[in-house]
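Please find below my notes on this model, set out as numbered points. They begin with the surroundings of the ligand and then turn to the strands, the loops and the chain as a whole.

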Amino acid sequence: ATAGTPNGQAVAVEAAKKQDNKKFESRLDEIIARGYIVVGTPGDYKPFTYLNPKTNEFEGYDIDAMKEFAKSLGVEARFVQTSWPTMMDDLLANKFDIAVGGVTRNTDRQKKAHMGDPYIEFGKAPLIRAQDKDKYKSLADINKKEVRIGVNPGGTNEKFVRDYLKNATVTVVQNNLDIPGLVANGTYDVMITDTIEAMVYSKADSRLYAALTDKPFTRSEKAYMIPRGDFIFASYLDVWMDEMKLQGKFDELFHKWVK
Ligand SMILES: O=C(O)C(=O)C[C@]1(C(=O)O)C=C[C@@H](O)C=C1
């Protein structure tokens, strides 16, 4: 059938309807209509995101926050795994609606996506062995050839190490969750990471010490990341976050996962 014949028209209407179904004014409406939100997270960064191998479920501060976000939308939260090197591409390829898991809010990311309002502040600091407490007290103490650093690829830890610790011996460790243990057992001397993570690991393992957490090398904030150009979805995220803050829900999450 050609266009103009009854059959041709029916085909065109069907096609238009299909397109109509797919076209929402905002991702916000699309998520509500589909009944679930897809959350992308690496699952390798405690206390924000952790894929528990025993249960095969994601856990953590940002996982709980996203369950609250989904609840506010009246939808289910579905979590999918991404990685630090691929997180941005995966978000831009529409593999999920939002990226979470201790994601640093910065201008690099804001050039390609939209970083929501911040919810927690931190800095980059060294996680070292407790016995080396007096050895590493400054960046200069770490920026030496004999200092072995294990670093997660693709995130701001690696960027910091590449920019400021050019003299140190740097090894990229594919599984971020392995690095604290490799510092504790002497394979590496230093993990450069976020103060929050360093504190969580030093509390869990007496062989480890979170150095310089009171005067970290950098200061940044964490935020949730969504595709750019969707003002309606971005505003919703901001309003939800304000409510979470005012209701003390982020404080509760801090006490549950960090303190
Ligand atoms: O990329 C970021 O924004 C992060 O803060 C994530 C990042 C990293 O920098 O590699 C931070 C700490 C964790 O140890 C793992 C991932």
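1. Two elements each supply at least two residues of the shell around the ligand, namely α7 (156-164) and β12 (190-194). The largest share of that shell comes from β12, which gives 3 residues. It should be said at once that this is a predicted model, and the remarks that follow ought to be read with that in mind.

2. There are 17 residues around the ligand, and those that come nearest are Thr104, Arg109, Thr156, Asn157 and Glu197. Thr156 and Asn157 fall within the stretch 156-164 that makes up α7, and both belong to this nearest group.

3. Which side-chain atoms lie close to the oxygen atoms of the ligand can be set out residue by residue. For Glu197, an N or O atom of the side chain is 2.6 Å from an oxygen atom of the ligand. For Lys222, the separation between a side-chain N or O atom and an oxygen atom of the ligand is 3.0 Å, and for Lys124 a polar side-chain atom lies 3.5 Å from a ligand oxygen atom. The ligand, which exposes 370 Å² when taken alone, has 100% of that area buried by the protein. The space that the ligand takes is, moreover, the largest cavity.

4. Strand β1 (residues 36-41) deserves a point of its own, since 5 of its 6 residues are buried and the strand is thus mostly covered. With strand β5 (residues 76-81), β1 pairs in the parallel sense over 6 bridges, and within this pairing Val38 has Arg78 of β5 as its bridge partner. Strand β6 (residues 98-99) also runs parallel to β1, and the two are joined by 2 bridges; here the bridge partner of Gly40 is Ala99 in β6. As general background, the strands of a sheet pair through backbone hydrogen bonds, in either a parallel or an antiparallel manner.

5. A further sheet is open and consists of 3 strands in the order β2-β3-β4, with antiparallel pairing. Its edge strands are β2 and β4, each of which pairs on one side only. Between β3 and β4 the antiparallel pairing extends over 3 bridges, and Tyr50 stands opposite Glu59 of β4.

6. The loops that connect the strands of this sheet hold two backbone features that I would ask the authors to mention. In the loop between β2 (44-45) and β3 (49-52) one finds Pro47, and the peptide bond that leads from Lys46 to Pro47 is cis, with omega near 5°. In the loop between β3 and β4 (57-59) lies Asn56, which has a positive phi of about 60° although it is not a glycine.

7. Is Asn56 buried or exposed? Asn56 counts as exposed because its relative accessibility is 59%, and the cut-off for that class is over 50%. A positive phi, near 55°, is also found at Leu212, again a residue other than glycine, and Leu212 sits in the loop between β13 (208-210) and β14 (220-222). Leu212, however, has a relative accessibility of 12% and therefore counts as buried, the limit for buried residues being under 20%.

8. Asp97 lies in the loop between α4 (87-92) and β6, and its relative accessibility is 2%, so Asp97 counts as buried. The side chain of Asp97 makes a polar contact, at 2.8 Å, with the side chain of Arg34.

9. Trp240 belongs to helix α10 (residues 231-246) and counts as buried because its relative accessible area is 4%. Although Trp240 and Leu73 are 167 residues apart along the chain, their C-alpha atoms are separated by 9.5 Å.

10. Finally, some values for the chain as a whole may help the reader to place the points above. The chain contains 11 helices and 15 strands, and of its 259 residues 46% are buried. Taken along the principal axes, its C-alpha atoms fill a box of roughly 85 × 40 × 35 Å.

Conventions
Residues are numbered from 1 along each chain as its sequence is written. This is a predicted model: local features need pLDDT of at least 70, side-chain atom pairs count only at pLDDT 80 or more; totals for chains, interfaces and linings use all residues. Side-chain values use heavy atoms; hydrogens and water are left out. Buried means under 20% relative accessible area, exposed over 50%, partly exposed in between (1.4 Å probe, protein chains only). Helices (H or I, at least four residues) and strands (E, at least two) are DSSP runs, numbered from the N terminus. Two strands pair if DSSP finds at least two bridges between them. A residue is near a molecule or strand if one of its heavy atoms lies within 4 Å of it. A polar contact is a pair of N or O atoms within 3.5 Å; within protein, one must be able to donate a hydrogen and the other to accept it, and residues adjacent in sequence count only if both atoms are side-chain atoms. Accessible areas come from the Shrake-Rupley method with a 1.4 Å probe; for residues, only the protein chains shown count as cover. On a 1 Å grid over the protein atoms alone, a cavity is a set of points where a 1.4 Å probe fits but cannot get out, and a pocket is an open set with protein on both sides within 12 Å along at least five of seven lines; lining residues have an atom within 4 Å of a point. A molecule sits in a cavity or pocket if more than half of its atoms lie within 2 Å of its grid points.
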